[in-house]
Amino acid sequence: MKKILLMTLFGVAFHAHADRLPMPADAPAAFISECSSCHIAYQPALLAADDWRKLMAGLNDHFGTDATVDRENAAKLKSFFERNAGSASRLGDAGNPPRITQTQRFVRKHREIPARFWRDPRVKSAANCEGCHPGAAKGSYSEHDISIRELRE
Ligand code: HEC
Ligand code: HEC
């Protein structure tokens, strides 16, 4: 009985943590200016430090685009990601080039979504978090904040 209660409490705490990913207060200005023009500035906790390193090393060929930043901003971004990255063991493998949408954690959290929604014109790509989570840029991934009605619980 006690064990079940503890597990329930843990579940609630974990849930509260998982659906709120506020932007760390130490985000350099370059994070928004350089990393939010083509997609949202993905919260650093969504990838592990090693994966951010790989991603930063390949900005000149970034998913078919050139997202290079100058040396000074690259250094600021690298240390920002290192300070705020997610835990590799919790996120799981992200592939190479690393993708948030390939981490086991992302896959697990989205397992129940029928395939047609990923191709829905409102979504187009799994990387387009805002297609379903209108509050994504502000770090709101709650099940109560989903814009596609069919996906709301
Ligand atoms: C010129 C446009 C552009 C800029 C600027 C840009 N990106 Fe991207 N990024 C892309 C594209 C295109 C994709 C692939 C999106 C897709 O698959 O739908 C992508 C994907 C990503 C992904 C993987 C998303 C997934 O599928 O999980 C990450 C992480 C990422 N970008 C981080 C960054 C960071 C950090 C910066 C700033 C240093 C940045 N991006 C700047 C265009 C850009
Ligand atoms: C096709 C719609 C769709 C897209 C696109 C999408 N998600 Fe989700 N996401 C959902 C749904 C639906 C849930 C389940 C909500 C629930 O039941 O907790 C969810 C759950 C989550 C959760 C867990 C929230 C919790 O309560 O534990 C996180 C974190 C998350 N998404 C992040 C992302 C990120 C980051 C992106 C973009 C890289 C993204 N999602 C793209 C639909 C989507």
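This passage describes the surroundings of two iron-containing ligands in a predicted model. Local features are restricted to pLDDT of at least 70 and side-chain atom pairs to pLDDT 80 or more, whereas totals for chains, interfaces and linings use all residues; side-chain values rest on heavy atoms, with hydrogens and water left out. Residues are numbered from 1 along each chain as its sequence is written, with chains lettered from A and ligands numbered from 1 in the order in which they are written.

The iron atom of ligand 1 has His39 (NE2) and His62 (NE2) as its protein donors, at 1.9 to 2.0 Å. Donors are N, O and S atoms within 2.8 Å of the metal (3.2 Å for Na, K and Ca), and sites may look incomplete because water is not among the atoms. The site is octahedral, with angles of 87 to 179 degrees among six donor atoms; for six donors this term requires opposite donors over 155 degrees apart and all other angles between 65 and 115. The two histidines link distant parts of the chain, 23 residues apart: His39 is in the loop between α2 (29-35) and α3 (49-57), and His62 in the loop between α3 and α4 (71-84). Helices are DSSP runs (H or I) of at least four residues, numbered from the N terminus. His39 is partly exposed because its relative accessible area is 30%, whereas His62, at 13%, is buried. Buried means under 20% relative accessible area, exposed over 50%, and partly exposed in between (1.4 Å probe, protein chains only).

The shell around ligand 1 holds 20 residues, of which Cys35, Cys38, His39, His62 and Ser125 come nearest; a residue is counted if one of its heavy atoms lies within 4 Å of the ligand. At least two residues of this shell come from each of α2 and α3. By class, 12 are nonpolar, six polar and two charged, where Ala, Val, Leu, Ile, Met, Phe, Trp, Tyr, Cys and Pro count as nonpolar, Asp, Glu, Lys and Arg as charged, and the others, Gly among them, as polar. Oxygen atoms of ligand 1 lie 2.6 Å from a side-chain N or O atom of Arg99, 2.5 Å from one of Ser125 and 2.7 Å from a backbone N or O atom of Ile100. Polar contacts are pairs of N or O atoms within 3.5 Å; within protein, one atom must be able to donate a hydrogen and the other to accept it, and residues adjacent in sequence count only if both atoms are side-chain atoms.

For the iron atom of ligand 2, the protein donors are His110 (NE2) and His133 (NE2), at 1.9 to 2.0 Å. Both residues lie in the segment after α6, 23 residues apart. This site is octahedral, its six donor atoms giving angles of 88 to 179 degrees. Both histidines are buried; His110 counts as such because its relative accessibility is 18%. A polar side-chain atom of His110 also lies 2.8 Å from the backbone oxygen of Phe106.

Ligand 2 is surrounded by 21 residues, with Lys109, His110, Cys129, Cys132 and His133 the closest. These 21 comprise 12 nonpolar, five polar and four charged residues. Domain 1 (29-111) and domain 2 (113-153) each contribute at least three residues to the shell, the bounds being taken from an automatic or database domain assignment. The side chain of Lys109 places an N or O atom 3.0 Å from an oxygen atom of ligand 2.

Notes
Four donors count as tetrahedral if all angles lie between 85 and 135 degrees; four count as square planar and six as octahedral if opposite donors are over 155 degrees apart and all others between 65 and 115; anything else is irregular.
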